[in-house]
Amino acid sequence: MPRFLKSERLKKSSEFKSVFQQCRKLEDGTLAFYVQFKEDAGSHKFGVSLSRALGKAYLRNRLKRRLREIYRVEKEGFRGGYQVILVPRRGSVNRTFDELRKSFLSLASRAGLLPRAK
RNA sequence: GGAAGCAGGUCGUGAUCGCGGUUGGGUCCUUUUAGGAUCGCAAUCGAGGAAAGUCCGAACUCCGCAGGACAGGAUGCUGGAUAACGCCCAGUCGGUCCCCGUCAUAGGGGGUUGAAGGAAAGUGCCACAGAAACAAACCGCCUUCCGCAAGGGAGGUAAGGGUGAAAAGGUGGGGUAAGAGCCCACCGCGUCUUAUGUGAAUAAGGCGGCUAGGCAAACCCCAUCCGGAGCAAGAUCAAAUAGGUAAACUUCGAAGCUGUCCGCUUCAUUUUUUCCCGUCAAAAGGAAAAAAGGUUUACGGGUAAGAUCGCUUGUGACGAGACCGGCAACGGUUUUCGCGAGAGAAAUGAUCACACACACAAAAUUCGGCUUAGGCCCUGCUUCUUUUA
RNA sequence: UGGGGCGUCGACAAGCGGUAAGUCACCAGAUUUUGGAUCUGGCAUUCGUAGGUUCGAAUCCUACCGCCCCAG
């Protein structure tokens, strides 16, 4: 099974800033998807940013964990060399796990992270 | 049997994958005491009763400090308990509800509730109404004077009427010109003494009769307590990393050309500027231009939420069970067992099974409380209802 | 973690112990051929919610709910 290591996480405020500054933005009603591509094909990082307006603490925690779980399972198919930030939109706390995954996959495919279907 | 309310208990289990900590192990590096990095490794532990709101009280840390006072804040029946508290326990008194009891009171019992110190230290307020809201006489009642009378003047009075949330103890009797604690009885209030109690108070007896209306969650007075800031407190560490500035090189994303690299073209991202369009003015939209990103080198400073500790396997205000003391809260030179999360863009999620496993809601220095939120089941109490007798 | 402020009609708001001003909007009527403008009248059983103090609470006190801001 794929793992999700600490080194794959976006942590520092500066890292987030850099991605937001120089990135491609995609969104649907549920998620906003910020992706920045890098030369180094081996490195890939992932981060989630949640506003307090989304809901109470336990809701935000659950949403973040679900998004991370989706990323952990689905990142296998991605090309390397990217940094991704997810910003959930208002209302996404009420989505089920499957709805979140569908939304994530469609955005990732639009962003070009998924290789073309054979 | 059912429903509602209140109080107490309770807050899934197992499997697979994933995540955080600790310990062990493997690999690599430095060094050979050991340290660091890393991991499809193993073992083990991994959110709450409210973790929440941040309303109180402490521990701990730094700053200040001989000691005290003012200011400011908090608390406010009594006693106990505690590390401390505005919490908790027991009691007193008052309000309210229920039950017993009575012809009706009285009396007794139980639940619940109370920011229950002081209004005879001072200031202030008590709208409207009302004569008067701490001081009074409108309608009255009585005496007397003037007048034929209607009525008017002077005085006494506060029982009755009227106003009001509130009008100066209440009821009955005596008394009087009419009245009035003016006098008497009972009740109530205040005060003194005695008794009981640690005390708040209670009981009995004496005295007092109006001087003492309400509001202190109005200012205030009295008593007691409080130095200030908070784990982003605070302590330690190399002189490196990141970021910044300057210079040089470079164009990383997507698509196409190509076997591949280099390279080229177009598109896209962010920022700025200009033009067009549009409008009251903007925005949105369209077009053009410029810059940015990555790497290397140098400078520079100790800035910044850098790293480590604080930080939680802690001998403690710790948890659970006995025993002893206490009505209880709680306590103990007693005894047995237990030792439980520790992050830092922040660990608990996904799937499946089991009774539809389901509400509220997630640690962030740590404890003791309070308040609020809320699901299922169990226990107890209260109320209502149904059936049977 | 600590501190400060605000909730009054659909919108903006005044009042801060004694019967909840005002403006815009809305409704009805008048005027007008009609609309606008103008004039007249109406529009808060209760001041975010729940308790308490008081004769009396939007106002004072307490606890909640929602929103906004500040400091490191």
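1. In what order do the strands of the open sheet run? Going across, the order is β1-β2-β4-β3, an open sheet of 4 strands with mixed pairing. Bear in mind throughout that this is a predicted model. The twist averages 15° from one strand to the next.

2. A quick word on confidence before the details. Chain A has an average pLDDT of 74, and 75% of the residues score at least 70. For the model as a whole, the scores are ipTM 0.78 and pTM 0.71. Where pLDDT is low, the predicted coordinates should not be read in detail, and that caution is worth keeping in mind here too.

3. Now the edges of the sheet. β1 (24-27) and β3 each have a single partner strand, so one side of each is left without a neighbour in the sheet. β1 pairs with β2 in the antiparallel sense, through 4 bridges. These two strands make a hairpin, with 3 residues between them. Within the hairpin, E27 has A32 of β2 as its bridge partner, while L26 stands opposite F33.

4. On to the inner pairings. β2 and β4 run antiparallel and are joined by 7 bridges; F33, for instance, has L86 of β4 as its bridge partner. β3 and β4 pair in the parallel sense, over 5 bridges. There, F46 is matched with V84 of β4 as its bridge partner.

5. β2 deserves a look of its own. How many of its 7 residues are buried? The count is 6, so β2 is mostly covered. F33 has a long contact list once residues up to four places away in sequence are set aside: R24, K25, L26, V84, I85, L86, F104, L107, A108, A111 and L113.

6. Two helices pack on the sheet, and their directions are worth checking on screen. α2 lies across β2, β3 and β4, running at about 160° to β3. α3 lies across β1, β2, β3 and β4, and runs at about 35° to β2.

7. The largest nonpolar core has 24 residues, and F33, F46, L67 and F104 are those with the most contacts inside it. β2 (31-37), β3 (44-48), α2 (57-74), β4 (82-88) and α3 (97-111) each supply at least two residues of this core. There is also a second, separate core of 7 residues, which includes L10, F16, A32 and V87. As background, nonpolar side chains in soluble globular proteins tend to be buried together.

8. A note on aromatics. The structure holds 2 aromatic pairs. One of them is F46 with Y71, which is stacked: the rings are 4.0 Å centre to centre, with 10° between the planes. F46 lies in strand β3 and Y71 in helix α2, so the pair ties together parts that are 25 residues apart in sequence. Are these two residues buried or exposed? F46 is buried, with a relative accessible area of 2%, and Y71 is buried too, with a relative accessible area of 1%.

9. Don't skip S103, a polar residue to check by eye. S103 is found in helix α3 and counts as buried, at 6% relative accessibility. Which residues does S103 contact beyond its neighbours within four places in sequence? They are D28, T30 and L31.

10. Last, the loop between α2 and β4, which is where F78 is found. F78 has 11% relative accessibility, so it counts as buried, the cut-off being under 20%. F78 and G112 are 34 residues apart in sequence, yet their C-alpha atoms are 8.8 Å apart in space.

Key
Residues are numbered from 1 along each chain as its sequence is written. Chains are lettered from A and ligands numbered from 1 in the order in which they are written. This is a predicted model: local features need pLDDT of at least 70, side-chain atom pairs count only at pLDDT 80 or more; totals for chains, interfaces and linings use all residues. Side-chain values use heavy atoms; hydrogens and water are left out. A nonpolar core is a set of buried Ala, Val, Leu, Ile, Met, Phe, Trp, Tyr and Cys residues joined through side-chain atoms within 4.5 Å. Buried means under 20% relative accessible area, exposed over 50%, partly exposed in between (1.4 Å probe, protein chains only). Contact means heavy atoms within 4.5 Å. pLDDT is the predictor's confidence in each residue, from 0 to 100. Two strands pair if DSSP finds at least two bridges between them. Axes are lines fitted to C-alpha atoms, for helices over the stretch in contact, and angles run from 0 to 180 degrees between N-to-C directions. Rings of Phe, Tyr and Trp (its six-membered ring) pair if their centres lie within 6.5 Å; planes under 30 degrees apart count as stacked, over 60 as edge-to-face and the rest as tilted.
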